[in-house]
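Please give a guided account of how the ligand is held in the structure shown below, beginning with its polar contacts and ending with the arrangement of the domains.

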Amino acid sequence: MKRIGIITSGGDAPGTNACIRTVARRCAYDGVELMGIFDSWDGLLADEVRPITRDDVTGIVATAGTMLRSSRSRLFLHAGDEEKAKVALAKHGIEGLVVVGGNGSQTATLKLAEAGFPAVGVPKTIDNDLAGTELTVGFLTAVEMCTHALDNLRATAESHNRVMVVEVMGRNVGWIAVEASIAGGADMALIPEFPFTLDDVCDKLKLRHEKLGRNYSMIVIAEGANDSEGVLATAGGVTDKLGRPKLGGVGQLLARELETRTGYDARCTTLGYLQRCAAPTAVDRILATRVSDKAYDLLTGGQSGMLAGLRGFEVQAVALKDVVGKEKRVTPEYYRLAQLFG
Ligand code: F6P
């Protein structure tokens, strides 16, 4: 291949720029031209495509965000969309594509590959919900940021004898919540994968405050969590560009319910987009470099339709047909750890 392209799509995540830098550096070493596609798939159709050189990626290993910008596109939602993408890619002489993204993005990668256009995936999302890889780029930086927030919020909760509810992202899974809860020593992690009732939560709080004599509690709740009786049902029918429920707000509702049911003073802090824009940790920079280096080899080695996934300690080629449409959900082991040691 003499000219390849790179695109970032879906929610931005720390480490995305390290992915771009890695592919740009490999291209420079091999004399392959790299075309950057700006503003994701809609940008491709609008010809927002230009060469990315080694000079363009100097210093970005340490920066959050994506120099290519990103978005959630409706392209690939309709039959035949992959042909539109292929025409646009060919127009810029792009012979193969590296797609940096999560579940939605890798669905597009697979569709392109199945339509005969060489395409490979780099796993990137703070949610860590992508199957086929133990970790996704951006996840551990988000966990680091949430852990730091929990450490700080503990001081104000303790100073005011309060229950502090901390709402974190993760869409339909609770990986950020359980790992931050373990690392940050929270007292409860409420996640979509494991049911809970508000009575369960209140009973645990009463045990802590009335039996164990604690004057404050820290509860982490994933934005996609809901109690089994549906009291905390949120989103209210608001959807995103892809028609998926817009999440956010469950933490506030939980804090109010807890105040009403227990009489304890409760507040909520929603970490929101702070989880996506911290500078990538070293671990995420290294993960980004490893999986992007592998994706480059897969693409230029003719292995289209593959994801560069972390399996154990090794980065391996994982067939996207075994990844797309699935979600990596929190395991009972992790949930048990969060309940015991959170
Ligand atoms: O997928 C990453 C993510 O941050 C989710 O955790 C969150 O629910 C979603 O993106 C928010 O989407 P948007 O950036 O479109 O508001």
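In this predicted model, an N or O atom in the side chain of Arg72 lies 2.7 Å from an oxygen atom of the ligand. Oxygen atoms of the ligand are also approached by polar side-chain atoms of Tyr273, at 2.5 Å, and of Arg276, at 2.8 Å. A polar contact here is a pair of N or O atoms within 3.5 Å. The ligand taken alone exposes 400 Å², of which the protein buries 81%; accessible areas come from the Shrake-Rupley method with a 1.4 Å probe.

Residues are numbered from 1 along each chain as its sequence is written. Because the model is predicted, local features need pLDDT of at least 70, side-chain atom pairs count only at pLDDT 80 or more, and totals for chains, interfaces and linings use all residues, while side-chain values use heavy atoms, with hydrogens and water left out.

The shell around the ligand consists of Arg72, Thr125, Ile126, Asp127, Met169, Gly170, Arg171, Glu223, Tyr273 and Arg276, a residue being near if one of its heavy atoms lies within 4 Å. By class, this shell holds 5 charged, 3 nonpolar and 2 polar residues, with Tyr counted as nonpolar and Gly as polar.

Where does the ligand lie with respect to the domains? Domain 1 (3–138 + 278–322) and domain 2 (143–275) both contribute residues to the shell, so the ligand lies between them; the bounds come from an automatic or database domain assignment. The C-alpha centres of the two domains are 33 Å apart. Contact (heavy atoms within 4.5 Å) links 12 residues of domain 1 with 13 residues of domain 2.

Methods
Polar contact = N/O pair within 3.5 Å; in protein donor to acceptor, adjacent residues only side chain to side chain.
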